[in-house]
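Trainee: I would like to take a close look at the surroundings of the ligand, with enough of the overall setting to place them. Could you go through that part carefully?

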Amino acid sequence: MSSIENQKITKLSGVKGMNDLLPVDAKLWDHVEKMAMGVARSYGYQLIRTPIVEHTAVFQRGIGEVTDIVEKEMYSFEDRLNGEQLTLRPEGTAAVVRAVIENNLLYDGPKRLCYIGPMFRHERPQRGRYRQFHQFGIEALGFAGPDVDAEIILMCQRLWDDLGLIGLQLEINSLGDMSERSAHRKALVEYFEKHQELLDEDSKRRLLSNPLRILDTKNPQMQSLVEKAPQLISYLGPASLEHFETLQTLLKANNVHFKINPRLVRGLDYYNSTVFEWITSQLGAQGTVAGGGRYDPLIERMGGKSAPACGWAMGIERIVELMKEQKVEEMQSNQCDVYFLHAGAHSLQIALVQAERLRSAGMDVILHASAESQVSSFKSQIKKADASGALYAVIIGEDEVLQQRAQIKDLRRSGEQQAVRLEDLLDEMINRLVSHSEN
Ligand code: ATP
Ligand code: MG
């Protein structure tokens, strides 16, 4: 008998907190990832892919020793063959900065980058909190001004809009610079020392090593203590205040609503100045879907030439959960912006040329084609146009050929149809798509 037959065969299972992405969810994931990449591209952010494994020192130095991640959440191991200390990446920024320095990517000025992929943290698995999870993130490296802080926040807002998500709240804060933080730190330590008996074990330890982190506590018993603690914002000097105020002005000018949360410090050590989080009340305790901010000291701290930087990361699992919660997943993700109808022969030729012009302008266009050699009726073509999710149908029939015109039909809102001259079709479509996206 073979050894297999001797053994009782048990079912193998996946690692706790590390999930399979099943086909039933794959489409939604794909949709979220594509929309995120689309937003990044539209703001000039380019994709960078770093390895999943890095030297442990990358995260120790990049994230900071006294953080939840480095203290207790990293999957670290020794390479059996050469004894190197390695870690499965728990987040993207430190690795991206390592790669940027190593490949000298800032040699010709600032860079806008984005990344996507799995991250690993040894946390207690629960809804919205996993041991392997996925992030999409962006990094704007080499830019100092609050305009770029505003830009990266606007990118999030645009992504929520594109995904059809509602009710996400933006919280912002400023952590100031090093000297402002150290004045605040002194006041904070004095305050917490006065209330030693109310601190939990983690906080007692952090009182010595990194008291700011105490503000980040998730312990419900400590909330009222933390709420009354001295606020960093009252320690900001004129330059930090101006940066923070300009950011607020820019957000208001773009109709982005926000709340200032003086207790927002973020879980990683490298942040300064602006920090922010996007939060929903619809996902229970794990309500933060994205977070980020400025980390001006990081590049130098990682061994590069000093350069300012900011960025954010969002949790794809939480976004997908929220899409399901808000039932936007059933929303037809449209295959194209414009669907062309034609009557074959000469009208097909014209439709083909016009469709190419629209594509050159960046539109996604489907030109009707039928399975049979005979052209399908307009009635069946319009059904296909509707099912494609296109915002507009462009109709070029025989009459239109004679008049050198096209009919534009609004498929989603008014349902109205309007004739335009062929030479005006491109401009008209650009105007319509722009005003559609603004409303
Ligand atoms: P939290 O406070 O929820 O632990 P964090 O501050 O540790 O979040 P970041 O390191 O800022 O999170 O990561 C950015 C985003 O990645 C979070 O807002 C969240 O959406 C997602 N994320 C972080 N940890 C996990 C996890 N263990 N499982 C799923 N998503 C996560
Ligand atoms: Mg965390």
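Trainee: To begin with the setting, how much area does the protein expose, and what share of it do carbon and sulfur atoms supply? After that, which residues surround ligand 1 and are closest to it?

Mentor: This is a predicted model, in which local features require pLDDT of at least 70 and side-chain atom pairs pLDDT 80 or more, while totals for chains, interfaces and linings use all residues, and side-chain values rest on heavy atoms, without hydrogens or water. Residues are numbered from 1 along each chain as its sequence is written, and chains are lettered from A and ligands numbered from 1 in the order in which they are written.

The protein exposes about 22900 Å², of which carbon and sulfur atoms supply 50%; accessible areas here come from the Shrake-Rupley method with a 1.4 Å probe. Of its 439 residues, 49% are buried, meaning under 20% relative accessible area. The protein contains 16 helices and 16 strands, taken as DSSP runs of at least four residues (H or I) and at least two (E) respectively, and its C-alpha atoms fill a box of roughly 85 × 80 × 45 Å along the principal axes. Among contacts (heavy atoms within 4.5 Å) between residues at least 6 apart in sequence, 70% join residues at least 24 apart.

Turning to ligand 1, 15 residues surround it, and the closest are R121, E123, R129, K218 and R266; a residue belongs to this shell if one of its heavy atoms lies within 4 Å of the ligand. Two of those closest residues, R129 and K218, also make polar contacts, that is, pairs of N or O atoms within 3.5 Å: a side-chain N or O atom of R129 is 2.8 Å from an oxygen atom of ligand 1, and for K218 the corresponding distance is 2.9 Å. The side chain of Q135 likewise places an N or O atom 3.0 Å from an oxygen atom of the ligand. On its own, ligand 1 has 590 Å² of accessible area, and the protein covers 92% of that.

The elements that contribute two or more residues to the shell are β6 (132–141), β10 (288–294) and β11 (309–315), and β10 gives the most, with 3 residues. By class, the shell holds 5 nonpolar, 4 polar and 6 charged residues, where Asp, Glu, Lys and Arg count as charged, Ala, Val, Leu, Ile, Met, Phe, Trp, Tyr, Cys and Pro as nonpolar, and the others, including Gly, as polar.

Technical notes: A polar contact is a pair of N or O atoms within 3.5 Å; within protein, one must be able to donate a hydrogen and the other to accept it, and residues adjacent in sequence count only if both atoms are side-chain atoms. Buried means under 20% relative accessible area, exposed over 50%, partly exposed in between (1.4 Å probe, protein chains only).
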